[in-house]
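Please examine the model shown below. The account that follows considers one residue and its surroundings, and then the packing of two helices.

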Amino acid sequence: MPEGHILHRLAREITRDVGGVAVSSSSPQGRFAEAGRLDGAVVSEAWARGKHLFVAFEGLAEQVHVHLGLYGALTVTAAGELPIVGQVRWRLQSTDRTFDLRGPTRCELITPGEVETILDRLGPDPLDPEANADLAFQRIARSRLPIAQLLMDQRVIAGVGNVYRAEVLFRHGLDPFTPGNEFARSDFDLVWTDLVSLMREGMNTG
């Protein structure tokens with residue numbers, strides 16, 4: 001499953017390439033019925049929290065929510081390149097860019113209240129400059145589960161998957177089986193700081 005840095009990178013690409021642009025919106029597969037409502041709309045921005053991607057449009061309260069899950073992919077092609085064929089759930093297209101979404105777990109147009117419900121169940125995101133790391137440590141300290149399991153719990157830290165979980169514990173020589181309520185605050189601070197750095201590098205370099 002793509003980890004949070006991938007979603008942040010995709011959000012940045014969408015905002016850069018079609019932000020402020022009127023787009024064509026369709027569902028070649030036919031499974032995203034609301035795609036037609038967005039046809040001709042202007043993209044205001046795309047943003048991410050953890051493994052969730054949101055695309056907002058000017059003058060529209062609802063936003064598109066995407067969760068790639070295990071098999072989802074968002075492919076970007078430039079004008080003149082052959083478009084993706086097959087089961088495209090959502091196609092977002094400008095005159096020079098096409099974003100094709102295939103195989104996501106979720107692709108839906110949701111209300112502001114539904115956006116808040118998703119955000120409320122997520123832990124702090126290391127790629128969010130305003131993230132409250134203390135909240136993540138509090139949730140870890142209340143649990144007897146192994147730290148390796150807690151780091152992948154999206155309610156604890158949003159966006160971390162197996163790659164970053166394994167890497168950050170290895171880099172600091174931390175036992176993955178340490179119970180959360182025995183995990184030292186100093187070790188957590190090392191892990192959080194490293195996640196911020198590593199995931200930002202991953203977002204920037206792909």
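**An arginine and a helix pair**

The side chain of Arg 106 forms a polar contact with that of Glu 108, at 2.7 Å. The model is a predicted one. Arg 106 lies in strand β8, which spans residues 106-110. Leaving aside residues up to four places away in sequence, Arg 106 touches His 65, Val 66 and His 67.

Is Arg 106 buried, exposed or partly exposed? Its relative accessibility is 39%, and partly exposed covers the range between under 20%, which is buried, and over 50%, which is exposed; Arg 106 therefore counts as partly exposed. Along the chain, Arg 106 and Arg 144 are 38 residues apart, and their C-alpha atoms are separated by 31 Å.

The second topic is helix packing. Two packed helices are described by the angle between their axes and by the distance between those axes. Helix α3 comprises residues 133-141 and helix α6 residues 185-205; they pack at an angle of about 130 degrees, and their axes are 11 Å apart. That angle makes α3 oblique to α6, because angles over 145 degrees are needed for roughly antiparallel and 65 to 115 degrees for roughly perpendicular. The crossing of the two helices, α3 and α6, is right-handed.

Which residues make this contact? From α3 come Ala 133, Asp 134, Ala 136, Phe 137 and Ile 140, while α6 supplies Arg 185, Phe 188 and Trp 192. Sorted by class, the contact of α3 with α6 has 6 nonpolar residues and 2 charged residues, with no polar ones.

Definitions and conventions: Residues are numbered from 1 along each chain as its sequence is written. This is a predicted model: local features need pLDDT of at least 70, side-chain atom pairs count only at pLDDT 80 or more; totals for chains, interfaces and linings use all residues. Side-chain values use heavy atoms; hydrogens and water are left out. Axes are lines fitted to C-alpha atoms, for helices over the stretch in contact, and angles run from 0 to 180 degrees between N-to-C directions. Helices (H or I, at least four residues) and strands (E, at least two) are DSSP runs, numbered from the N terminus. Angles under 35 degrees count as roughly parallel, over 145 as roughly antiparallel, 65 to 115 as roughly perpendicular and the rest as oblique. A crossing is left-handed if the near helix is turned anticlockwise from the far one by less than a right angle, and right-handed if clockwise. Contact means heavy atoms within 4.5 Å. Ala, Val, Leu, Ile, Met, Phe, Trp, Tyr, Cys and Pro count as nonpolar, Asp, Glu, Lys and Arg as charged, and the others, Gly among them, as polar. Buried means under 20% relative accessible area, exposed over 50%, partly exposed in between (1.4 Å probe, protein chains only). A polar contact is a pair of N or O atoms within 3.5 Å; within protein, one must be able to donate a hydrogen and the other to accept it, and residues adjacent in sequence count only if both atoms are side-chain atoms.
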